[in-house]
Amino acid sequence: MASSADSKLEMNVRVDSNTVLFGVIGDPIRHSKSPVMLNRAFREAGVNGIYTAFHITTDKLGDFIAGVRAMGIRGVNVTIPHKLDVMNHLDRIDESARAIGAVNTIVNDNGVLTGFNTDGIGYVRSLKEEAETSLAGKHIVVLGAGGAARGIVYALTKESPASITIANRTEQRAIELASSMREFTNVKGVSNDQLQSVCADADIIINTTSTGMFPNVDESPVDAAWLRPGAVASDIIYNPMKTKFLADAERQGCRIHGGLGMFIYQGAYAFEYWTGQPAPAAAMREAVLDAFR
Ligand code: ATR
């Protein structure tokens, strides 16, 4: 049986000679919830657009971008494994994407392709909408120092926190990430050996590692007993929606923030860059939740 979101989509969609094309590329890509989320956003906002998923292997990336230019595809989201390589095919790279070293959103302005990164700012918008209105003056601990951490730390530096401490299994990666961001604010890198002491002082603890993601749902990146009751525990994982880290932190008296919002708001920013309109975030969330059911 069609869900309410499906029937709403069917009622409102009208593909005609003015319909504008959008899509997401990746390898693999058939698991992506971006088409469901963005098509719902277009219908909700009255945009005459269609968004689909393209399975693009690495050897076809250049051909795909040539196709974007030829067909006038207005917007593209980029996921694994193309976020770095795609930069070589674009005309301009936005400052944030350059600092992060990865692109997840392309805007096509009459053949001029610009790469943006909305992952980190999407995460921060979700954190502020759903858990902590202002990050100014906060002591923030980021668990992990990979690609996801880089985008998030970059976006956090724009929010005037008191400090950002990156804790990682491989200490050197944490130190390198911190030093690449240090021009912005008070950022340092430590090894996981120091987690207990850095968590004791933290207002917000963010897991950017894959620890606790399905199928390893019994793992947690940190002992929740080290967290301060009242602090915010945040996880970028959304499968499961409530990780062991979040469940333990909740029992410890922390406020918890799950990873679905990061996905919604990275898409919301993409929608806004492409259309110039505010994204219908509530409808986008509803569409994604429906797709998971
Ligand atoms: P992503 O782009 O998703 O961030 P990544 O660049 O591979 O992926 O980074 C994964 C992060 O999770 C790293 O910080 C990694 O720690 P290392 O730098 O020491 O490899 C961290 N990570 C992954 N599995 C982990 C585990 N079981 N325990 C602790 N940290 C882990």
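## A guided tour of the predicted model

Begin by selecting E132, which counts as buried because its relative accessibility is 12%. The structure under inspection is a predicted model.

**First stop: E132 and R255**

Keep E132 in view and add R255. The two side chains meet in a salt bridge, with 3.0 Å from N to O. R255 lies in strand 12, whereas E132 sits in the loop between helix 5 (119-130) and strand 7 (139-143), so this pair ties together parts of the chain that are 123 residues apart in sequence. R255 is partly exposed, its relative accessible area being 38%.

**Second stop: H257 in strand 12**

Next, follow strand 12 (residues 255-257) to H257. Is H257 buried or exposed? With a relative accessible area of 3%, H257 is buried. To view its surroundings, select the residues in contact with H257 beyond its neighbours within four places in sequence: Y123, S126, L127, E130, A131, V232, A233, S234, D235 and L246.

**Third stop: C254 and C199**

Now select C254 together with C199. How many disulfides does a search of the whole structure find? The search finds 0. The sulfur of C199 is 9.4 Å from the closest cysteine sulfur, that of C254, and this is too far for a bond, because a disulfide requires the sulfur atoms to be within 2.5 Å. C254 is likewise in no disulfide, its nearest cysteine sulfur being that of C199. C199 is buried, at a relative accessible area of 0%, and C254 also counts as buried, at 7% relative accessibility.

**Fourth stop: strand 1 and its partners**

Move to strand 1 (residues 20-26). Of its 7 residues, 5 are buried, so the strand is largely enclosed by the rest of the structure. Display strand 2 (residues 49-55) beside it: strands 1 and 2 run parallel and are joined by 7 bridges. For a specific pair, select G26, whose bridge partner in strand 2 is H55. Then trace the backbone from strand 1 through helix 2 (residues 34-45) to strand 2; this β-α-β crossover is right-handed.

Strand 3 (residues 75-78) also runs parallel to strand 1, and 4 bridges join the two. Here, select I25 and V78, which stand opposite each other, V78 being in strand 3. While the side chains are displayed, a general point may be kept in mind: in a regular strand they alternate between the two faces of the sheet.

**Fifth stop: R40 and E286**

Return to helix 2 and select R40, then add E286 in helix 11 (residues 281-292). R40 forms a salt bridge with E286, in which the closest N and O atoms are 2.7 Å apart. The pair links distant parts of the chain, the two residues being 246 residues apart. Which of these residues is buried, and which is partly exposed? R40 counts as buried at 6% relative accessibility, whereas E286 is partly exposed, with a relative accessible area of 37%. Add E44 to the selection: R40, E44 and E286 are linked in a network of salt bridges.

**Last stop: K242 and E250**

Finally, select K242 and E250, whose side chains meet in a salt bridge of 2.8 Å, N to O. K242 is partly exposed, with a relative accessible area of 46%; E250 is partly exposed as well, at 38%. The structure holds 16 salt bridges, including those visited on this tour.

Key: Residues are numbered from 1 along each chain as its sequence is written. This is a predicted model: local features need pLDDT of at least 70, side-chain atom pairs count only at pLDDT 80 or more; totals for chains, interfaces and linings use all residues. Side-chain values use heavy atoms; hydrogens and water are left out. Buried means under 20% relative accessible area, exposed over 50%, partly exposed in between (1.4 Å probe, protein chains only). Helices (H or I, at least four residues) and strands (E, at least two) are DSSP runs, numbered from the N terminus. Contact means heavy atoms within 4.5 Å. Two strands pair if DSSP finds at least two bridges between them. A crossover is right-handed if, with the strands pointing away from the viewer, the path from the first strand over the helix to the second runs clockwise. A salt bridge is a side-chain nitrogen of Lys or Arg within 4 Å of a carboxyl oxygen of Asp or Glu.
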